[in-house]
Amino acid sequence: MSHFIDRRSSSKNKSAVNRQRFLKRYKSQLKRAVSDAVNRRSITDMDAGEKVGIPSRDLSEPVFHHGPGGQREQIHPGNKEFAAGDRVPRPEGSAGGQGSGRASRDGQGEDDFIFELSREEFMDLLFDDLELPNLVRNQLLGTTEFKTIRAGYTTSGAPSNIDVVRSLKGAIARRTALGAPHRARLRELELELEALLAAGATETDPRVAALREEIERLKARIAALPFIDTFDLRYQSFTREPQPSSKAVMLCIMDVSGSMDQMRKNLAKRFFILLYLFLQRNYDKIEVVFIRHHTVAQEVDEQEFFYSRETGGTVVSSALSLAHDILSERYDSSQWNIYAAQASDGDNWDSDSSICRDLLIDQLMPLMRYFAYIEITPRQHQSLWYAYEDVKAAHPHFAMEEIGGAEDIFPVFRELFKKQEA
């Protein structure tokens, strides 16, 4: 029998491969559990880990075995009650025992398998298969982003960049080239000396002495060739190459007017927190601009965006005008991928909805890669929704969805930012 002993020193990650295999195998069930967890969580613990349960029936490996019913015979060892030759009836309900935490009729069962996801694993599953639509890698002029790449070899440089192999190859080539004439002449003299000695010449013969002197001189010259010279040194050369960049900016526009009661504001905040976590996790270089508005729009920081309690009437066009001003001043659409997400209950001054439509169609959408609007309302749509339908008809990269409750947030978020097929 073969015995396998795991002698890996790092016992901490011994099961990492098995854990990843497990995550891959039960990914669909874990994703459903993550989706349910997000919908029932509060705003503050949106990105924490999670314990999820997998029904025990889904953990069993598919195997070939005898099913229930049919005729078959088995022989068991005897005991005090049974003797050889007795026939024992099959127990009823033998197929039981698999259940979701409840005992079966025969008093036996199995609990669901509880699996704890770390924060990183939870976030991976949460934002799996999501992306910013229409993202284009822009080549930025004058960019400060460079990548250091190899650029061959040079004859000078820092000692830390010496290429030993290349330097030794150069030294061997140099010694071979410089010593070749001497070695050829040395071979000729050695043959000549061997011929003289074979013909009967003695060591006292002047010709033998001269040959030996010349041979020693040539050997000294060959030995004097340095093993390595500064001429042989080669240094690795590096250069900085400008890299394409995918800089992007996301405008988060939230309606905080009086018609947005606390429940609607919390739903809007949950949506934007999801968006904020998604951007932070998936993109290195992205800027987020927070805009709150009632009758007046204001650019605020993250803290004020999520926690300020200011409220008032509703003029949505104020936020769109401010967004256009910010883009004009700081974000050139030829260099930036520009995105926006807006959350509102759709309640707007009557004359303002048409202004919003015109602002979007004529000024904002030509600059945008994608604009997502969510309307948080359980009631009938307001004027803003119908005005935005015109924007959607004019610009395919405008998306709008409706959220009725907390259970709609994550499905709507995934629908808005799902990965597009190439």
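User: In what order do the six strands of the open sheet stand?
Analyst: This is a predicted model. Its six strands form an open sheet with mixed pairing. The order is β7-β6-β5-β8-β9-β10.

User: Which strands stand at the edges, and why is one side of each left without a neighbour?
Analyst: An edge strand here has a single partner strand, so one side lacks a neighbour in the sheet. That applies to residues 297-300 and to residues 398-403. The strands are β7 and β10.

User: What does the twist average from one strand to the next?
Analyst: The sheet is open and its pairing is mixed. From each strand to the next, the twist averages 20°.

User: How many bridges join β5 to β8, and in what sense do they run?
Analyst: β5 has β6 on one side and β8 on the other in the strand order. With β6 (residues 286-293), β5 pairs in the parallel sense over eight bridges. Strand β8 (residues 337-344) also runs parallel to β5. The bridges between β5 and β8 number seven.

User: In β8, what is the bridge partner of Cys252?
Analyst: Met250 of the same strand faces the other way along the sheet's order, standing opposite Val288 in β6. Val249 stands opposite Ile338 in β8. For Cys252, the bridge partner in β8 is Ala341.

User: Are the residues of β5 buried or exposed?
Analyst: In a regular strand the side chains alternate between the two faces of the sheet. On one side of β5 are Ala248, Met250, Cys252 and Met254; on the other are Val249, Leu251, Ile253 and Asp255. Both faces are covered. Of the eight residues in 248-255, eight are buried.

User: Which helix makes a β-α-β unit with β5 and β6, and what is the hand of the unit?
Analyst: The helix spans residues 262-282. It lies across β5, β6, β8 and β9, running at about 170° to β5. The helix is α6, and the unit is right-handed.

User: What angle does the direction of α8 make with that of β6?
Analyst: α8 packs on the sheet. The helix touches β5, β6, β7, β8 and β9. Its direction makes an angle with that of β6 of about 150°.

User: Where is confidence lowest and where is it highest?
Analyst: The protein has a mean pLDDT of 80, and 82% of its residues reach 70 or more. Over residues 96-107 the pLDDT is below 50, though this stretch has 22 contacts in the model beyond near neighbours in sequence. Where pLDDT is low, the predicted coordinates should not be read in detail. Confidence is lowest in helix α1 (residues 16-25), at a mean of 70, and highest in helix α8 (residues 316-330), at 93.

Definitions and conventions: Residues are numbered from 1 along each chain as its sequence is written. Side-chain values use heavy atoms; hydrogens and water are left out. Buried means under 20% relative accessible area, exposed over 50%, partly exposed in between (1.4 Å probe, protein chains only). Helices (H or I, at least four residues) and strands (E, at least two) are DSSP runs, numbered from the N terminus. Two strands pair if DSSP finds at least two bridges between them. A crossover is right-handed if, with the strands pointing away from the viewer, the path from the first strand over the helix to the second runs clockwise. pLDDT is the predictor's confidence in each residue, from 0 to 100. Contact means heavy atoms within 4.5 Å. Axes are lines fitted to C-alpha atoms, for helices over the stretch in contact, and angles run from 0 to 180 degrees between N-to-C directions.
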